[in-house]
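Colleague: I should be grateful for a close look at a single residue of this model, followed by an account of the parts around it. Please write for a student who is new to reading structures.

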Amino acid sequence: MSRGTAERVVPTPLVAASRQRRLVSGDRLFRVIAYGAAGLIILIAAIFVIALVVPALPAITKFGLGFFTSRVWDPVRNQFGALAPIYGTLVTSAIALVIAFPIGLGAALFLADDARLQLLRGPLSFLIELLAGIPSVVIGLWAFFTLTPLMRDKVDPFLSHILGFLPLFKGTASGYGFLTAGLVLGIMVLPIMIALSRDVIRAVPRELREASLALGATNAETTWSVILPYARVGITGAVLLSLGRALGETIAVTMVIGNTMQISASLFATGYTLPSVIANEFTEANGNLYLGSLFYLGVVLVLITIVVNVLARLLIWRFSGSARAAA
Amino acid sequence: MKRVLAALSVGASILLAACGGSNTGTGGSPSATAGTPVPPAAALQGTGATFPAPFYDAARFAYNLKYSQVTVNYNPLGSGAGISALTKKVVDFGASDVPMNATELTAAGGADAVVQIASTLGTESLAYNLSGVASGQLKLTPKTIAGIFLGTIKNWNDPALAADNRGVSLPNQAISVVHRSDGSGTTYIFTDYLSTVSADWKSKVGKGKSVSWPVGQGAKGNEAVATTVKQTPGAIGYVELAYVIQTNMTQASLQNHDGSFVIPSPEGATAAASQFLAINPTQFSIVDAPGKTSAPISGYSWLMLYKDQADKTKGTALVDYLDWLVTDGQQYAVNVHYSKLPANIVKDDIISLKTVTSGGSTLLNVPAPS
């Protein structure tokens, strides 16, 4: 037995050595590729920031932080401020999330629950992926031609009839404006919200769900106190990605928001968003200050995205921290 | 692989031979003007204004049919893009609805480095959406137009509008103003007009490719303004005439400088342009023109090229194309609802083109217009 083993062992180190050499060189190659890819991301981000900030410098030095609080945007007199489009960007994205979050989460819970209505799940998943694949310009065109008259004639009068006492739903509706833009954004981020939430809900261990049910909890109680708390971090991630898409969406919003530099409490009013201003005015902007102000808007948009991400991360960290403390 | 390559190269040479044959055919055709030499083979790149793009597309296609050895590409990215692309020398010619100003010329190497020629002439309409008021029925004066766009006239039953429109029943309906949201030459010409006829507009808003609008909502491009007006009851907006005709919109009759009401037309633009004999890249405004038939909101569109062409062959093809564009090519402007350039402008253009040189020698060898 020992001889036999010895006979078999003798060649093994040789084979292993060559194999190991091959593996090590493969490892090295893989490491180079992986590090290179990671480095490339940093490089791209750095180039992106430099390419955005450098052309914005004339406007940054001229307007400074006052850019964030001024609502004047006058290319004739070279006076620029970002308050109106910042407001519009935040308001439309907020509306989008208010619409997409409950619908998206509901649909995700339905799709992730493998117990009932098996037949519907396949077609529904397919439709959601289809919706995600529709180019934003097509959604924008649909909104421009179909949604705006519908909002003007039906939805907005209905809302102002029911909720007209709120300043949010006061004033005459043209069909264009914050509400329509927010609704379009909500539709556009819905597929992201659904697909990501569905996947994290599916990742909740089966044992947890079954244990909860076995303890006598109803389906609703299980969802509320087991599945959702477990999937919370992932769902927050889905919301963040949706928000990122909503903040940066350009074409579809430009078609329905009305492109007016104003701040209004009413959601029926027309407004502007940061990407829309850039898309509208970039091609014909002349002069360093005007062009710089458009780049500055880009910087503002990146800053907003960073702030939102950091806030969300803090929120997750706090939530999971307190959850652990409670446990 | 080798055999495939060989086959390909044989194919290519046959193709080339075929092309060469057709070249000599068209080049020698009697349509070539006497004294105009056949342009050399070249591919010309241009970019810029969207407003004249339908005309440039029709014209470059016709030119290529005439001289198949010359292809002209035009990418309508906007006037600003036209100017910056020319300045960076990534195109052979740029196009803009507003000529390059002193600052832009300095960036491009000085006022003497660039030749700017007027290429076509267009006019704008005020399109509206009022049920029961047919096209041409609504009469607008400079005063009411300024009032509507300043926001001082808010309702269609405003006494100022009623006074000019006796016999037309204007509804009690809020006016929805629609303007361009993107920077555009169309906006420049319209705000130039408003600044000319209204002191209030001039002091409060001014003129530019983008301005700070007192009222109304913005839509991106002529098409979107046209569509927004069409689907919003009570709306009014300024739109390029070509779009108004193509989409059958109702447009207002506009009071011109002489006090007569005209419906904007290509002829009206030519009439307006003929009132201004000395047009050049610094004095180019033709809005609010005198004359009984002048369309009040009209303007030229411009092409820019470098005076000193580095590539002689390309430069020769370029000036030949532009010479054709401002003369024979003008017929294609009318087809797409732009106006023919007046004779004096064509003459100025040719004189300008004759100053284009390469290595010190003039590239355009046509007789100087008298």
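Modeller: In this predicted model, E104(B) counts as buried, because 20 other C-beta atoms lie inside 10 Å of its own, and a count of 20 or more is what the term buried requires. E104(B) is placed in helix α4 of chain B, which covers residues 102–107. Once its neighbours within four places in sequence are set aside, E104(B) is in contact with I83(B) and with N286(A). A further pair gives a sense of distance: T313(B) is 209 residues away from E104(B) in sequence, and the two C-alpha atoms are 27 Å apart in space.

The partner N286(A) leads to the contact between the two chains. Chain B gives 26 residues to this contact, and chain A gives 20 residues. On the side of chain B that touches chain A, α3 (79–87) and β7 (217–219) each supply at least two residues. Sorted by class, that side of chain B holds 15 polar, six nonpolar and five charged residues.

Beyond α3, the chain enters the loop between α3 and β3 (93–96) of chain B, and K89(B) lies in this loop. K89(B) is exposed, because 11 other C-beta atoms are within 10 Å, and the limit for an exposed residue is 12 or fewer. The phi angle of K89(B) is near 55 degrees, which is a positive value in a residue other than glycine.

A comparable backbone feature may be examined in chain A. N259(A) is not a glycine, yet its phi is positive, at about 50 degrees. N259(A) is found in the loop between α9 (251–256) and α10 of chain A. N259(A) counts as buried, because it has 32 C-beta neighbours inside 10 Å.

The helix at the other end of that loop is α10(A), residues 274–281. Six of the eight residues of α10(A) are buried, so this helix is largely enclosed by the rest of the structure. The buried residues are L274(A), P275(A), S276(A), V277(A), N280(A) and E281(A).

Another helix of chain A, α6(A), covers residues 178–202 and has 25 residues. Of these 25 residues, 23 are buried, so α6(A) too is largely enclosed by the rest of the structure. Its length can be checked by a short calculation: at 1.5 Å a residue, α6(A) should span 36 Å, and its end C-alpha atoms are 35 Å apart, which agrees. The helix α6(A) also bends by about 40 degrees at V189(A), and the proline P191(A) follows within four residues.

To return to chain B, a wider view is useful. Chain B has 14 helices and 14 strands. It contains 370 residues, of which 52% count as buried. Among its contacts between residues at least 6 apart in sequence, 70% join residues at least 24 apart.

Two individual residues of chain B illustrate its surroundings further. T187(B) lies in helix α7 of chain B, residues 185–197. T187(B) is buried, because 25 other C-beta atoms are within 10 Å. Leaving aside neighbours within four places in sequence, T187(B) is in contact with R180(B), K209(B), S210(B) and V211(B). By contrast with these contacts, A58(B) and T187(B) are 24 Å apart, C-alpha to C-alpha, and 129 residues apart in sequence.

Q255(B) is placed in strand β10 of chain B, residues 253–255. Q255(B) counts as buried, because it has 20 C-beta neighbours inside 10 Å. Not counting residues up to four places away in sequence, Q255(B) touches F261(B) and also K139(B), L140(B), T141(B) and P142(B). K340(B) is 85 residues from Q255(B) in sequence, and their C-alpha atoms are 23 Å apart in space.

Finally, a pair of helices in chain B shows how such elements pack. Helix α12(B), residues 312–326, and helix α14(B), residues 343–353, pack at an angle of about 175 degrees, and their axes are 10 Å apart. That angle makes α12(B) roughly antiparallel to α14(B), because angles over 145 degrees count as roughly antiparallel. From α12(B), the residues V319(B), L322(B), D323(B) and V326(B) meet V346(B), D349(B), I350(B) and L353(B) of α14(B). By class, the residues of this contact are six nonpolar and two charged, with no polar ones.

Notes: Residues are numbered from 1 along each chain as its sequence is written. Chains are lettered from A and ligands numbered from 1 in the order in which they are written. This is a predicted model: local features need pLDDT of at least 70, side-chain atom pairs count only at pLDDT 80 or more; totals for chains, interfaces and linings use all residues. Two residues are in contact if their C-beta atoms, placed from the backbone, lie within 7 Å. Ala, Val, Leu, Ile, Met, Phe, Trp, Tyr, Cys and Pro count as nonpolar, Asp, Glu, Lys and Arg as charged, and the others, Gly among them, as polar. Axes are lines fitted to C-alpha atoms, for helices over the stretch in contact, and angles run from 0 to 180 degrees between N-to-C directions. Angles under 35 degrees count as roughly parallel, over 145 as roughly antiparallel, 65 to 115 as roughly perpendicular and the rest as oblique. The expected span of a helix is 1.5 Å times one less than its number of residues. The bend at a residue is the angle between axes fitted to the seven residues ending there and the seven starting there.
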